[in-house]
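Q: Hi! Could you walk me through this protein in plain words?

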Amino acid sequence: MQDKITRRDIIGRVGALGALGILSTVLPSEAFASAPADRKLVNLLELPALPYPEDALEPVIDKDTVKIHHGKHFAAYVAGLNKDLKNMEKARQSGSFDDIKQLSRDLAFNASGVVLHWIYFSTIGPNAGGIPAGKIGDLIKRDFGSFEVFWKQFSAASKSVEASGWGVLAWEPFSQKLVILQAEKHQNLTSWGCMPLMVCDVWEHAYYLKYQNRRADYVDNFAKIIDWAKVEERFNNYC
Ligand code: MN
């Protein structure tokens with residue numbers, strides 16, 4: 001059974017926020033260990049180190065925000081996911097699924113939080129921004145007309161997310177196209193089967209220290225720190 005789960009299956013299932021029911025069955029470390037080496041795997045059960053210093057995103061995002069966002073918020077999602085998976089396993093072992101509704105909600109909330117924060121922190125960086133070249137640049141042109149139109153739509157979508165949530169650039173595998181999504185409350189499923197490629201965290205904790213209620217300013221500046229080479233790497237690795 002184990003050897004039938006390919007690495008692509010794992011990535012696809014973990015990445016597809018809609019498939020969170022399956023997540024708990026493919027997360028055990030032995031599943032990761034058995035995967036072939038052609039694709040990069042992500043250990044969602046440990047907080048990844050920040051790939052740059054906490055002040056590297058200044059002046060777009062201040063050091064304190066990054067420190068709290070990564071060290072507290074992201075870390076809390078990772079701890080929550082570990083706990084939820086244990087609770088789900090307990091439920092399976094006991095055979096009692098009386099709490100399945102709450103367990104599923106908790107798991108969706110924390111797993112989505114881990115996936116989206118992993119993408120967020122690893123797809124922004126210093127010395128970034130600008131207009132993407134390469135495959136991602138071509139696909140953006142193909143699917144949105146131009147980078148300018150893409151950014152207008154992505155920033156408009158991010159600015160207008162109701163309350164907490166995310167702006168998401170994702171790969172829609174069925175039509176093989178890039179799409180832009182709004183995720184309100186990330187535990188609510190957005191689009192089954194989509195692979196998020198680049199995300200803009202518009203929960204207040206991501207910008208409030210510096211921007212207060214000016215989310216639009218944060219989103220406008222966010223363009224300066226998107227690392228499009230990383231977005232392309234993600235596309236090549238997982239799509
Ligand atoms: Mn966040």
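**A first look**

A: Happy to! The protein has 10 helices and 3 strands; helices (H or I, at least four residues) and strands (E, at least two) are DSSP runs, numbered from the N terminus. This is a predicted model, where local features need pLDDT of at least 70 and side-chain atom pairs count only at pLDDT 80 or more, while totals for chains, interfaces and linings use all residues. Residues are numbered from 1 along each chain as its sequence is written, and side-chain values use heavy atoms, with hydrogens and water left out.

Q: What pattern does the protein follow along the sequence?
A: Read that way, the pattern is α-α-α-α-α-α-α-β-β-β-α-α-α.

Q: And how much of the protein is buried?
A: Buried residues make up 49% of the 239 residues. Buried means under 20% relative accessible area, exposed over 50%, and partly exposed in between (1.4 Å probe, protein chains only).

Q: Which residues have the most contacts inside the largest nonpolar core?
A: Those are Y120, F150, L169, L197, Y218, F222 and W228, in a core of 67 residues. A nonpolar core here is a set of buried Ala, Val, Leu, Ile, Met, Phe, Trp, Tyr and Cys residues joined through side-chain atoms within 4.5 Å.

Q: Which helix gives the most to this core?
A: Helix α5, residues 100-122, with 10 residues. Domain 1 (63-122) and domain 2 (134-238) both contribute residues, so the core lies between them. The domain bounds come from an automatic or database domain assignment.

Q: Let's zoom in on Y120. What does Y120 touch?
A: Not counting residues up to four places away in sequence, Y120 touches I61, H69, W166, V199, C200, D201, A206, Y218 and F222. Contact means heavy atoms within 4.5 Å.

Q: How about S158, buried or exposed?
A: S158 counts as buried, because its relative accessibility is 0%. S158 sits in helix α7, residues 147-159. Leaving aside neighbours within four places in sequence, S158 is in contact with G167, C200, V202, R215 and V219.

Q: New topic: pockets. How much space lies in the largest pocket?
A: About 380 Å³. On a 1 Å grid over the protein atoms alone, a pocket is an open set of points where a 1.4 Å probe fits, with protein on both sides within 12 Å along at least five of seven lines; lining residues have an atom within 4 Å of a point. Grid points are joined across faces, edges and corners, and the volume is the space filled by probe spheres set on the points.

Q: Which lining residues are closest to the centre of that pocket?
A: Of the 20 that line the largest pocket, the closest are W118, S122, E233, R234 and Y238. Helices α4 (63-94), α5 and α10 (228-238) each give two or more residues to the lining, and the largest share, 5 residues, comes from α10. Domain 1 and domain 2 each supply at least three lining residues.

Q: Any odd backbone spots? Where is N127, for one?
A: N127 lies in the loop between α5 and α6 (134-144). Its phi is near 50°, a positive value in a residue other than glycine. N127 counts as exposed, at 84% relative accessibility.

Q: Which peptide bond is cis?
A: The one from E58 to P59, with omega near 0°. P59 is in the loop between α3 (29-33) and α4.
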